[in-house]
Amino acid sequence: MAEDIPWERLFEEATRVRQRAHVPYSRFPVGAAVLYADGSVVAGCNVENATYGLTVCAERGAFAAGVAQGRASPVAVAIVVDTPEPCPPCGMCRQVMAEFARPGLPVRSRNLKGDEARYSLAELLPHAFTRDFL
Ligand code: THU
């Protein structure tokens, strides 16, 4: 249930990890925190590379770390970016979320002013390509 999600904790984590972002090229740090069904939270920041295309977004970093930590069943995602309006996740990250989460996954994004946007994964990525098609 969305009401049971500790959003403030998630946004605190996303804000904290955002400070670790490796963004010498874009200067656009992003933080993301994923809540799992067992109550654990896994955070990620964007990590850029001199070969620009190797950049890993904050959201994908968090999901990859969750896999490495043996976490299953993501139940909520919080994102923090310093933009005039809250910033939605990129298309690649939406597809990675769809690999692990149900369509109803709530995703919230805040800027540093505290403005918030709320989405479901299904809104962000309708007609997702999933293992069901394989
Ligand atoms: N970025 C993310 O971390 N997440 C997104 O959903 C959008 C973009 C990063 C990638 C790159 O390091 C910087 O933001 C600018 O695109």
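This is a short conversation about how some labels are assigned in a predicted model.

Student: Let's start with Asn-111. Why is Asn-111 called buried?

Tutor: Its relative accessibility is 4%, and buried means under 20%, so Asn-111 counts as buried. You will find Asn-111 in the loop between β4 (106-110) and β5 (116-120).

Student: Which residues are in contact with Asn-111, leaving aside its neighbours within four places in sequence?

Tutor: Those are Val-81, Thr-83, Pro-84, Glu-85 and Pro-86.

Student: And what makes the pairing of the Asn-111 side chain with the backbone nitrogen of Lys-113 a polar contact?

Tutor: The distance is 3.1 Å, and the cut-off for a pair of N or O atoms is 3.5 Å. The pair is therefore within the limit and counts as a polar contact.

Student: Now the surface. Why is Phe-133 called exposed?

Tutor: Exposed means over 50% relative accessible area; Phe-133 has 60%, so the label fits. Phe-133 sits in the segment after α4 (121-124).

Student: Which residues form a nonpolar patch with Phe-133?

Tutor: Phe-129 and Leu-134 join Phe-133 there, and together the three have about 410 Å² of accessible area.

Student: Two other residues caught my eye. What makes the phi of Arg-27 worth a remark?

Tutor: Phi of Arg-27 is near 55 degrees, a positive value in a residue other than glycine. Ser-73 is not a glycine either, and has a positive phi of about 60 degrees.

Student: How do you know whether Arg-27 and Ser-73 are buried, partly exposed or exposed?

Tutor: Arg-27, in the loop between α1 (7-18) and β1 (30-36), has 65% relative accessibility, and over 50% means exposed, so Arg-27 is exposed. Ser-73, in the loop between α2 (58-68) and β3 (74-81), has 41%, which lies between 20% and 50%, so Ser-73 is partly exposed.

Student: Finally, the ligand. Which residues surround the ligand?

Tutor: Among them are Ser-26, Phe-28, Val-30, Asn-46, Glu-48 and Glu-59.

Student: How do you know that Asn-46, Glu-48 and Glu-59 make polar contacts with the ligand?

Tutor: Set each distance against 3.5 Å. A polar side-chain atom of Asn-46 is 2.9 Å from a ligand oxygen, a side-chain N or O atom of Glu-48 is 2.5 Å from a ligand oxygen, and one of Glu-59 is 2.8 Å from a ligand nitrogen. Each pair is within 3.5 Å, so each counts as a polar contact. The protein also covers 78% of the 370 Å² of accessible area that the ligand has on its own.

Key: Residues are numbered from 1 along each chain as its sequence is written. This is a predicted model: local features need pLDDT of at least 70, side-chain atom pairs count only at pLDDT 80 or more; totals for chains, interfaces and linings use all residues. Side-chain values use heavy atoms; hydrogens and water are left out. Patches are made of residues with over 30% relative accessible area and no salt bridge: like charges are joined within 9 Å, nonpolar side chains (Val, Leu, Ile, Met, Phe, Trp, Tyr) within 5 Å. Accessible areas come from the Shrake-Rupley method with a 1.4 Å probe; for residues, only the protein chains shown count as cover. A salt bridge is a side-chain nitrogen of Lys or Arg within 4 Å of a carboxyl oxygen of Asp or Glu. Helices (H or I, at least four residues) and strands (E, at least two) are DSSP runs, numbered from the N terminus. Buried means under 20% relative accessible area, exposed over 50%, partly exposed in between (1.4 Å probe, protein chains only). A polar contact is a pair of N or O atoms within 3.5 Å; within protein, one must be able to donate a hydrogen and the other to accept it, and residues adjacent in sequence count only if both atoms are side-chain atoms. Contact means heavy atoms within 4.5 Å. A residue is near a molecule or strand if one of its heavy atoms lies within 4 Å of it.
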